[in-house]
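This report covers selected strands, hairpins and backbone features of one protein chain. The sequence and the structure come first.

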Amino acid sequence: MISIIKFRPVHCLGVALALAALPASAETARIYVTNSAGDSIHVIDPATNKVVQEIKGIEASHGVTFSPDGKRVYISNEAESTVEVVDQKSGKIVKHIPLSGRPNNLAVTPDGKRLVVAITEPGTLDIVDTVAMKVSKTIPMTGRLHNTYVTPDGKYAVSGSTRKKFMNVVDLATEKTAWEIEFDGGVRPMAFEKAADGSTSRVFVQLSNLHGFAVVDFAARKEVARIKFPDQPNGYGAIEGRVGAGVPSHGIGVAPDGKSLWANSHIANGVFAYSLPDLKPMGFAALPDLKLAGRDPIGAIPDWVTFTPDSKIIYVGNSTFNSVSAIDMKTMKLVAQIPVGQVPKRMNTLVMR
């Protein structure tokens with residue numbers, strides 16, 4: 001008997017989960033980890049917390065996302081200014097798509113027909129036609145882009161600039177800028193809260209020099225609040241060069257069930273959790289550190305987060321230790337530390353059912 005498997009993309013937390021419309025008992029998830037200082041991508045099976053695949057030959061990979069049917073993996077390649085199209089099953093590169101410049105993060109639309117790719121120089125948003133396998137449009141920006149996302153309803157591409165300190169929103173129907181917000185700090189990772197009707201309710205924005213995050217009302221097109229992380233724990237980040245560089249936190253996401261928000265802290269060397277929609281503190285999960293005699297402890301420098309689709313485990317990239325931490329979201333305890341490649345950063349979850 002031949003089974004036909006269909007997938008549908010679910011966007012949450014700034015993380016795109018490709019989910020199939022089959023019973024939960026049939027699901028198989030994979031955690032994809034890009035290694036920014038290496039030439040490979042590691043793939044983790046969350047059932048065993050073991051690396052089960054390594055995609056090789058992509059130097060300085062940045063972002064990773066997937067086609068809705070789960071057959072393709074898209075990876076932004078900073079070294080060659082391309083998007084690499086990878087066959088999910090074999091892990092082999094099947095297509096190099098040239099871009100208008102050096103890419104950072106990327107995201108896919110729910111129908112799978114377009115990729116949006118943040119370009120650092122000269123500062124554009126590339127739209128890639130995934131059928132024609134080429135850039136179909138390059139949208140100019142007022143500064144270089146860092147991270148880009150597609151909203152949960154698939155209507156907008158939202159991008160941030162660390163240098164020019166703006167969040168830009170492109171209407172994907174017209175492929176033109178709809179609106180933009182300026183901040184007092186560079187825009188770093190973002191996460192999205194979905195409203196009951198499927199639209200975007202709020203955006204949670206990490207900023208340079210902010211040990212916390214800003215809250216943007218998407219419909220009102222303005223910042224409405226700022227959440228600062230607790231003062232304790234602390235003591236990390238300085239020796240690793242992150243505090244002086246204006247990056248006290250990097251990595252944020254809404255759990256797939258929409259009930260909690262999780263955000264990394266370099267200063268606390270861990271992840272803070274907040275309930276949704278009220279944004280009340282839920283607790284803190286500590287990450288590994290390195291204690292050496294006569295020196296301050298060295299933190300993990302967490303740089304991204306992703307989740308299992310059942311919202312039970314959060315995965316955090318430890319860029320200092322070339323590993324990924326798996327944390328139980330209920331107990332907030334470390335359940336596994338998984339060795340990966342050099343300086344892991346962006347991660348994403350693919351769910352095949």
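In this predicted model, β4 and β5 form a hairpin with 4 residues between them, and N49 in the turn has a positive phi of about 55°. Strand β5 covers residues 50-56 and runs antiparallel to β4, to which it is joined by 6 bridges. One of the paired positions is D45, whose bridge partner in β5 is K50.

Strand β4 also pairs with β3. Strand β3 spans residues 28-35, and 4 bridges join it to β4 in an antiparallel arrangement. I31 stands opposite I44 of β4. Here too the connection is a hairpin, with 4 residues leading from β3 to β4.

How many residues of β4 are buried? In this strand, which comprises residues 40-45, 6 of 6 residues are buried, and the strand is mostly covered. S40, H42 and I44 point one way from β4, whereas I41, V43 and D45 point the other way; all are buried.

A second region is an open sheet of 4 strands. Its order is β26-β27-β28-β29, with antiparallel pairing. The edges are β26 (302-307) and β29 (333-339), each of which pairs on one side only. On average, neighbouring strands of this sheet are turned by 25° against each other, direction ignored. Within the sheet, β28 (residues 323-328) is joined to β29 by 6 bridges, and the two run antiparallel. S325 has Q337 in β29 as its bridge partner.

Some backbone features lie in loops. The table gives two residues that have a positive phi although neither is a glycine.

| Residue | Phi | Loop | Relative accessibility |
|---|---|---|---|
| N49 | about 55° | between β4 and β5 | 18% |
| I301 | about 50° | between β25 (281-286) and β26 | 6% |

Are these two residues buried or exposed? N49 counts as buried because its relative accessibility of 18% is under the 20% limit. I301, at 6% relative accessibility, counts as buried by that limit.

Two cis peptide bonds precede prolines. One joins E121 and P122, with omega about 10°; P122 is placed in the loop between β11 (114-119) and β12 (124-129). Another runs from Q232 to P233, with omega near -5°. P233 is found in the loop between β21 (222-228) and β22 (252-254).

Conventions
Residues are numbered from 1 along each chain as its sequence is written. This is a predicted model: local features need pLDDT of at least 70, side-chain atom pairs count only at pLDDT 80 or more; totals for chains, interfaces and linings use all residues. Side-chain values use heavy atoms; hydrogens and water are left out. Buried means under 20% relative accessible area, exposed over 50%, partly exposed in between (1.4 Å probe, protein chains only). Two strands pair if DSSP finds at least two bridges between them. Axes are lines fitted to C-alpha atoms, for helices over the stretch in contact, and angles run from 0 to 180 degrees between N-to-C directions.
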